[in-house]
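The following paragraphs lead through one protein model, from its strands to its charged side chains and its loops. The reader is invited to keep the sequence and the coordinates in view throughout.

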Amino acid sequence: MNPILRPAPLPPAMAAGVDPGRAALRVTHDPTTLVGNTPLLRLAAIDRELSGVEIYAKAEWWNPRGSVKYRAALNMILAGERSGALTRETILLDATSGNTGIAYAWIAAARGYRVRLALPASASPERKRILRAYGVDLVITDPGDGTDGAIRKVKELYAANPAAYFYPDQYSNPANWRAHYEGTAPEIWAQTEGRVTHFVAGLGTSGTFCGTTRRLRELNPALFAASFQPDSPFHGLEGMKHMPTAIVPAIYDPTLADENLDIPTEEAYAMVKRLAREEGLLVGVSAGAALAATLSLAQRVGRGVFVTVFPDSADKYLSESFWNED
Ligand code: PMP
């Protein structure tokens, strides 16, 4: 079993002595109250092989709709509401590899907004089905162009009729990385009681890596931060970008990383299976890549408290053929 290391600080009602069992059974119809405070899992079966090393992963599928992108999607929607750019008369428009779109779709459905999303045809069938189930208007783009094709399509649609849309543009929106600066990082800090020495995260929009690293560095200037990306333009790491060949997100700051690792898709698949069989964790492919990157760093460094992020669970990837190979 994976022990949950330490829960984040108690919500006020629980801290004030309300029966925790009852406080946990809260009643809400407001999705904005359900975000973050995800468990930090110790990967004990895996780090046992490396003395002096502790490896932890943020279990981001604990977020509503099962992914890390709920944090950024919610923060961008709230910023749009505050600025007045998002109204019931506008349509929320963005490019996504799936997870941000799924988070937008849920929040928008609950708050009465319409959503139009461009998504590469290569996104997993499960992602497309979930988005269609929410009534999202999907614009499917060429799979060969990856998320860059979806970005170009959205820019075209927006340019043709800017008044019709609220275009949060997750690749350029500071509310994306700020969700991690204000949420993910302080949670990691509290859950490790300030012991984190190394932080490792993958690059999609780069919001998770940039926001979390910025805040953790303020808390511990000696923090070592490693980013990772797919090792080639054609890869199976859904949600990740191969920066040398992709449209580089405006929010990406390459100077934040002490090191940037290239991860082959096959290594990510092998780690996904390892996590299922050794830790009992069914995670997504980018989480497998996160473990591959963290292990390669931990093996070289030999000591430290390593924290990475597991962006989603395996549920949306169960149709992938790598599960059939042993
Ligand atoms: N993994 C998955 C499965 C994702 O959907 C995403 C988001 N595109 C990422 C990793 C990367 O997260 P970020 O956009 O914050 O860099």
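Two strands are taken to pair if DSSP finds at least two bridges between them. The model to which this criterion is applied here is a predicted one. Strand S7, residues 198-202, and strand S8 meet the criterion with five bridges, and their pairing is parallel. Within this pair, Ala-201 has Ser-227 of S8 as its bridge partner. Strand S8 spans residues 224-230, and six of its seven residues are buried, so the strand is largely enclosed by the rest of the structure.

A further set of strands forms an open sheet. Four strands take part, in the order S5-S4-S3-S6, with parallel pairing. The edges of this sheet are S5 (137-141) and S6 (165-166), each of which pairs on one side only. Strand S3, residues 91-95, is joined to S6 by two bridges, and the two strands run parallel. At this junction Ile-91 stands opposite Tyr-165 of S6.

The loop between helix H4 (69-83) and S3 contains Leu-86. With a relative accessible area of 5%, Leu-86 is buried. Leu-86 and Tyr-167 are separated by 81 residues in sequence, while their C-alpha atoms lie 8.7 Å apart in space. A second pair may be set beside this one: Ala-250 and Ala-110 are 140 residues apart in sequence, and their C-alpha atoms are 29 Å apart. Ala-250 belongs to the loop between S8 and strand S9 (259-263). Its relative accessibility is 63%, and Ala-250 therefore counts as exposed.

Attention now turns to the charged side chains. How many salt bridges does the model contain? The count comes to 19. One of the salt bridges is formed by Arg-274 and Glu-49, whose closest N and O atoms are 3.3 Å apart. Arg-274 is placed in helix H10 and Glu-49 in the loop between helix H3 (44-47) and strand S2 (53-59), so this pair ties together parts of the chain that are 225 residues apart in sequence. Glu-49 has a relative accessibility of 58% and counts as exposed.

Glu-54 and Arg-195 form another salt bridge, with an N to O distance of 2.7 Å. Because Glu-54 lies in strand S2 and Arg-195 in the loop between helix H8 (174-191) and S7, the contact ties together parts that are 141 residues apart in sequence. Is Glu-54 buried or exposed? At 17% relative accessibility, Glu-54 counts as buried, since the cut-off for that class is under 20%. Arg-195, with a relative accessible area of 37%, is partly exposed.

A salt bridge within one helix is found between Lys-153 and Glu-156, with the closest N and O atoms 3.4 Å apart. Both residues lie in helix H7 (residues 146-160), where they are three residues apart, about one turn of the helix. Lys-153 counts as partly exposed, at 27% relative accessibility. Salt bridges also link Lys-58, Glu-60, Arg-71 and Glu-187 in a network.

Other charged residues appear in a surface patch. Asp-231, Asp-262, Glu-266 and Glu-267 together form a patch of negative character. Membership of such a patch requires over 30% relative accessible area and no salt bridge. Glu-266, one of the members, is exposed, with a relative accessible area of 57%. Glu-266 is located in helix H10, which covers residues 265-279.

Finally, two loop residues merit a look at their backbone geometry. Which value does phi take at Asp-169? It is near 50 degrees, a positive value in a residue other than glycine. Asp-169 is situated in the loop between S6 and H8. The relative accessibility of Asp-169 is 11%, and the residue counts as buried. Ser-206, likewise a residue other than glycine, has a positive phi, near 85 degrees. Ser-206 occupies the loop between S7 and helix H9 (207-219). With a relative accessible area of 2%, Ser-206 is buried.

Definitions and conventions. Residues are numbered from 1 along each chain as its sequence is written. This is a predicted model: local features need pLDDT of at least 70, side-chain atom pairs count only at pLDDT 80 or more; totals for chains, interfaces and linings use all residues. Side-chain values use heavy atoms; hydrogens and water are left out. Patches are made of residues with over 30% relative accessible area and no salt bridge: like charges are joined within 9 Å, nonpolar side chains (Val, Leu, Ile, Met, Phe, Trp, Tyr) within 5 Å. Accessible areas come from the Shrake-Rupley method with a 1.4 Å probe; for residues, only the protein chains shown count as cover. A salt bridge is a side-chain nitrogen of Lys or Arg within 4 Å of a carboxyl oxygen of Asp or Glu. Lys and Arg count as positive and Asp and Glu as negative; His and the chain ends are not counted. The place of a charge is taken as NZ of Lys, CZ of Arg, CG of Asp or CD of Glu. Buried means under 20% relative accessible area, exposed over 50%, partly exposed in between (1.4 Å probe, protein chains only).
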